[in-house]
Amino acid sequence: MNRSRAASRDVIGRTTLEQQRRLVLAVVAGQDGGALTGPAILRRLGEQSADGPADDGGAVTNESLLYPALHGLEADWTIRAEWQVGSDGVRHRSYRARRLLPRIAGRGRPT
Amino acid sequence: MIGLLVILAGLGVFVTATVAIVRRAEWRLRPGPRNTAGLASPSDDPVGSYVDRVAASLALPAADVRDVRAELLDHLGDSIATLEDEGFSHDDAVREAVGRLGPAPELGRQLSAAHQSTRRLLAGAGGGVFAAAGGFVVGYLGGIGASLLMFIGAFLAAGLLAKVGFAPDLTGPDNGSTANSLLISMTIAVAAATSIRFAVRTSAGLSRRAPKTVAGFWALAGVVVFGWLAIFGVSGQQSWYSIPIELAVPFIAVAAAFCRIDRPMPHIARWAIASFAVLVIVTVAVLGMATQTTTGSDAGAFNGPEPDMHFDLVAAPAPAAWLGEGDLSDSGSSEATGSFGTTFSIDLSRGASANWHDLRFEAWHGLPNGDGIDTRYTAAFLIQPVSSEDSTLTATLHFERIRQPGSWWVFLTGVGPDGRRYSLDNSGGGTSTFNGSAWDWITAPQ
């Protein structure tokens, strides 16, 4: 079991806001500069918890802490939020990790 | 000249940056076309109703409420679609999606707390201080402009009244001290109000708090800083007309922090700059014309006794037996040292000084234009014992701490061998105006 799986399982139970912030930050930071909407982040958390033991229950049960966690991280300047127009023509609020310096083109993190 | 340009350019950049940061912070406070903060509109749509209830429980600026609303609607739309794909009926999907976000008031409370982070609070405090400093500059310029506008209006009104035979003396008997003191006090009052208002609106926007939440802090800061500045800090000409305005500055700061603070400030920068430029030009023109028609000067020193100047009111002249010719030198020399008083020095020969004790400088009210002692007064209004070093007698008289010194004459007096006080020398006369803080004026000896 890798570390992100272990962390994701926390979301199954009644996670605290601080735990939820760590989980959300792990997902957003894992995008390597890419942006994710709230529902997309929730799905990632669900997928990670689904990979865990069966007694984890449903990852979506603690959805109520998703936006407080996201907005708190944004308020602390850890992540950045922006409105983007999706392929469906609808504006979605997306989140990406905030970097101190812009990433140099062609020198992305190896996958 | 280059230094002046650099200062003006720096001031311009500072004011521009201030207005920019205030407007940027204020953008968050502006009510949008559908500001539902504080309102829970009844809606048949359970999703809309839920989002309205969340928005109603948010203690955030309007722009943030709009963002939260839009994001929650987007999220719930996505959730409902996903649940329907999983086989839920529409109604069940709506119920489930809304239920997963939890009770609306709790979500609103958590979102409010998330937005109002310590980092944003610090940003709000820093931005507020910056905006307060810039607001003071903007308000100071605005206060000067408003005061000049008022004075121009008063002069125009006086001109019209003069045509019908009633000519009020706007400069007054105090050579314009009242007008100057009003200009200073009104400028400080406007600057304080602008500064506090800039600070409250900026810090509220940056810290994501309602303006009334932060108004108390800035009101207290305004009372302390601007109250001190108006009452103790700013020295200059004062009058009984300006003192109430200066004493009211702390209350003005509180009013600026609370009164209609939820309303956006009018940003009239371009109009203000244009109006200010016009005002300066008109004022310079008016003052130029006024200077051409003014004759004589009411300031400066005047020396030399005249036979009918009533110097005998001060004391009888010192008998020649105790003060011979040549015993005094450098007589009447004075050194003006601005707000630190006026120093008088007289050299008295060693031989003559043995005849005199209790030497002191006395200031007596004089008539305008150096026409001698004002006979309405029977005593000196300022007395300072001399300090002697070798043969030089020195004393500093603080005319600037007397409310209405006007014209004065200063004499060196001393008690002779017969126990009577005599006037040894006339040290010259002059005119002065009060120069101090509001507190100095209130506590002045007369």
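1. Partly exposed here means a relative accessible area between the buried class, under 20%, and the exposed class, over 50%. Arg109(B), with a relative accessible area of 47%, is therefore partly exposed. The model is predicted, and the points below should be read with that in mind.

2. Arg109(B) forms a salt bridge with Glu106(B), and the closest N and O atoms of the pair are 2.9 Å apart. Both residues lie in helix H5 of chain B (residues 104–115). Glu106(B) and Arg109(B) are three residues apart there, about one turn of the helix. Glu106(B) has 31% relative accessibility and so counts as partly exposed.

3. A salt bridge within chain A joins Arg80(A) and Glu82(A), with 3.4 Å between the closest N and O atoms. Arg80(A) is partly exposed at a relative accessible area of 34%. Glu82(A) is at 21% relative accessibility; because the buried class ends under 20%, Glu82(A) counts as partly exposed.

4. In chain B, the side chains of Arg376(B) and Asp374(B) meet in a salt bridge, at 2.8 Å from N to O. The two partners fall into opposite classes: Arg376(B) is exposed, with a relative accessible area of 66%, whereas Asp374(B) is buried, with 7%. There is also a network, in which salt bridges that share partners join Glu74(A), Arg93(A), Asp67(B) and Glu71(B). Over all chains, the count of salt bridges comes to 19.

5. On the interface: the area buried between chain A and chain B is about 2,000 Å². Carbon and sulfur atoms give 55% of that area. In chain A, the residues that lose the most area to chain B are Glu63(A), Tyr67(A) and His71(A), together 28% of what that side buries. The contact takes 23 residues from chain A and 21 residues from chain B.

6. Polar pairing across the interface can be listed as follows. Three salt bridges are found between chain A and chain B. In one salt bridge, Arg43(A) pairs with Asp78(B), and the closest N and O atoms are 3.1 Å apart. Polar contacts between the two chains come to 11 residue pairs, with both residues at pLDDT 80 or more.

7. Three elements of chain A give two or more residues to the side that touches chain B: helix H3 (38–50), helix H4 (66–75) and strand S3 (91–97). H4(A) supplies the largest share of that side, seven residues. By residue type, the side of chain A that touches chain B divides into 12 nonpolar, five polar and six charged residues.

8. A last item is in chain B. Asn426(B) lies in strand S10 of chain B (residues 421–432). The relative accessible area of Asn426(B) is 19%, and because buried means under 20%, Asn426(B) counts as buried. A polar atom of the Asn426(B) side chain lies 2.8 Å from the backbone nitrogen of Gly428(B).

How values were computed: Residues are numbered from 1 along each chain as its sequence is written. Chains are lettered from A and ligands numbered from 1 in the order in which they are written. This is a predicted model: local features need pLDDT of at least 70, side-chain atom pairs count only at pLDDT 80 or more; totals for chains, interfaces and linings use all residues. Side-chain values use heavy atoms; hydrogens and water are left out. Helices (H or I, at least four residues) and strands (E, at least two) are DSSP runs, numbered from the N terminus. Buried means under 20% relative accessible area, exposed over 50%, partly exposed in between (1.4 Å probe, protein chains only). A polar contact is a pair of N or O atoms within 3.5 Å; within protein, one must be able to donate a hydrogen and the other to accept it, and residues adjacent in sequence count only if both atoms are side-chain atoms. Contact means heavy atoms within 4.5 Å. Buried area is the accessible area (1.4 Å probe) that two parts lose on being put together, summed over both. A salt bridge is a side-chain nitrogen of Lys or Arg within 4 Å of a carboxyl oxygen of Asp or Glu. Ala, Val, Leu, Ile, Met, Phe, Trp, Tyr, Cys and Pro count as nonpolar, Asp, Glu, Lys and Arg as charged, and the others, Gly among them, as polar.
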